[in-house]
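Colleague: Could you walk me through this one, taking it slowly? I would like to begin with how two of the helices lie against each other.

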Amino acid sequence: MRSVGVKDYYRRAKLGDTLFNAFNYTAMILLGIATLYPFLNVLAISLNDSVDTVRGGITIFPRKFTLENYAYLFSYPSVVRGAVMSVLRTAVGTVTGLVSTAMVAYAISRKDFFARRFVTGIFVMTMYISAGLIPDYMLIRSLGLINNFLVYILPGLISAFNVIVLRSYIEGLPYELQESAKIDGANDFVIFSRVVMPLCLPVLATIALFIAVGHWNSWFDTYLYASSNKYLTTLQFELQKILTNVQSQAAASAQDIYSYALTEQARRVSPESIRMAMTIVATVPILCVYPFLQKYFTRGLVLGALKQ
Amino acid sequence: MPANGAHLVKTSSLKKHTSWWATVVNQRYLILMSFPFVLWVIVFRYLPLWGWTMAFQDYKPGLPFFQQKWVGLKYFIILFEDPKFWEVMRNTLAMSLLGLAFGFTLPIVLALFLNEIRHMLFKRVIQTITYLPHFLSWVIVASLVFQMLGPSGPLNEFLLSLGVVKEPVPFLTKPHYFWWVVTFADVWKEIGWNSIIFLAAIAGIDPELYEAATMDGAGRFRKMWHITLPGIMPTVIVILIMSIGNLINIGFEKQFLLRTPLTKEYADVLDLYVLDYGIGSGRYALGTAAGIFKSVVSLILLFTVNRLSKKTTGMRVL
């Protein structure tokens, strides 16, 4: 009797396990599809003939393959300027941001630094206090940063969160390394750049990724502070302008990409196809760096979050 | 360069009668590495706080500070009497509460189920896919949302082909749908990323607990319910408290990018009010007053939940 009961029990448990797995794997696959499908759909439309697209029914493969939409997109001057500016601000912003973050984080990681509490405090406070949109706007205006490239770099130079993450990481390193370098006659700057930073590479990579993604994705500072200087336009801002046109469905002004599409090549490209191509162009750089840095950022983030 | 021994003697003798100036000279590199950024933080983060005075003045751009006319709380009263202000407050609270209800719970559910996947490669692939949207800008996500939810977009095509609906659902143009569209766009973007912290917490649970439960005959759901969930409760509570502290700070990007003229009434949030009415129409004093109101509310929320947290979990978030 008893052995039959046990067998029965194990059979039931196994069945429950199988059902659970079936449910779980199905749910995860559906979630994966729900996440990826929008990209694949937009990619397919961007690679499809725009007249054909109007017929509808494009899923994840283009029906009539063409590179026309992209060729057209990159013949438009403000898109090219936007791409150059996006790359430039991301490069300059990431280097300056990373170096500044590292220097502050190192200084406040040193227990013997006399101003350690003061510097830490003044940065940490900024995580809870902000003046708000209008005072910030007035400051930028009175500093003369409107329509100036520096408005992309200076106001967001350092994030207190990144400083704290890096500081926690440095404090986890053995302090003996710094002491022995000091005995060898190295000054604090040499210890920082030759001893401590090389050991911080994983967390520096994570922070660099966060800063770079922030710069690449930013559009609001262009909108607010630099929209009347056409040389400071970025890809995200151009995409935002296209989106605003979609929403209002208003007739496009003479300046923007839609009217350009309508006047010059109306029969070959449609606004929708251009928007899809633009969405893909703005996404691709992230897709390129993402797989390589993924292992760093999960580790870095978990570390930062736990130490907080 | 003195020999090692001599150098050591020198530093220790310095330490004995350290004067203020000696410390400064000694730590000059640390000072050089941090003080310029202290100056930066003062200019870009603290100086704007001075701008709060604008809310109490009939602010005229270009006039020096002492010639501005002080008007007390006039603009706060105007603000609280403005029906538009209460409309944006309603929208802000509605979207942040919906965000809390779904944006907070669904990542926990995802983490629980991801944790049950034994096939490591499959798990990694799903994680990689679900983290991805976090790294895209709201501009890109808004473009995807417009494409997916448009009248002839894939979702409507799908619903039509299943016969669930007779005609396309106006997801983007019907005002009442806006809160839900924003909430689920946000969940789609952040669910994977927000689950990371819970997965890390799950990884810290003692595996012996699971072994013991298996011996006692617990199934997968029971182990999830009685071991995993209680195991991550401290993390859940900390994250919950932090989200409540940020309730009013929902930003404006997604609302700005997803709103249409038809949905404005349900889309505009506090920060958009400041943007449109403050900077857009040059009513700086009113916009600043709204910004101050927001800061005060969020500080009150923060201190309240901090105290609550200390009482209930013994953990401080501040």
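Modeller: Helix 11 of chain B and helix 15 of chain B run roughly antiparallel to each other, and please keep in mind that this is a predicted model.

Colleague: Why are helix 11 and helix 15 of chain B called roughly antiparallel?

Modeller: The axes of helix 11 (residues 220–245) and helix 15 (residues 284–313) of chain B cross at roughly 160 degrees, and angles over 145 degrees count as roughly antiparallel, so the pair earns that description. Their axes come within 8 Å, and helix 11 of chain B passes helix 15 of chain B in a right-handed crossing.

Colleague: Which residues meet there?

Modeller: From helix 11 of chain B, the residues are I237(B), I241(B), I244(B) and G245(B), and they meet a set in helix 15 of chain B that includes L301(B), L302(B) and V305(B).

Colleague: Changing topic, which residues of helix 6 in chain B are buried?

Modeller: Among them are F122(B), K123(B), I126(B), Q127(B) and T130(B). In an α-helix, residues three or four places apart point the same way, because there are 3.6 residues a turn. Helix 6 of chain B covers residues 120–131 and reaches 16 Å from its first C-alpha to its last, close to the 16 Å expected.

Colleague: And chain A, how many helices and strands does it have?

Modeller: Chain A has 15 helices and zero strands, and buried residues make up 48% of its 308 residues. An unreviewed UniProt entry lists residues 83–106 and 118–137 of chain A among its "transmembrane region" stretches; in the model, residues 83–106 of chain A are 100% helix, whereas residues 118–137 of chain A are 60% helix.

Terms used
Residues numbered from 1 in each chain as written. Chains lettered and ligands numbered in written order. Predicted model: local features only at pLDDT ≥ 70, side-chain atom pairs only at ≥ 80, totals over all residues. Heavy atoms only, no water. UniProt positions renumbered as here; feature names shortened; annotations may be inferred. Helix = DSSP H or I, 4+ residues; strand = E, 2+ residues; numbered from the N terminus. Expected span 1.5 Å × (residues − 1). Buried < 20%, exposed > 50% of the residue type's maximum accessible area, 1.4 Å probe, protein only. Axes fitted to C-alpha atoms, helices over the stretch in contact; angles between N-to-C directions. Parallel < 35°, antiparallel > 145°, perpendicular 65-115°, else oblique. Left-handed = near helix turned anticlockwise from the far one by under 90°. Contact = heavy atoms within 4.5 Å.
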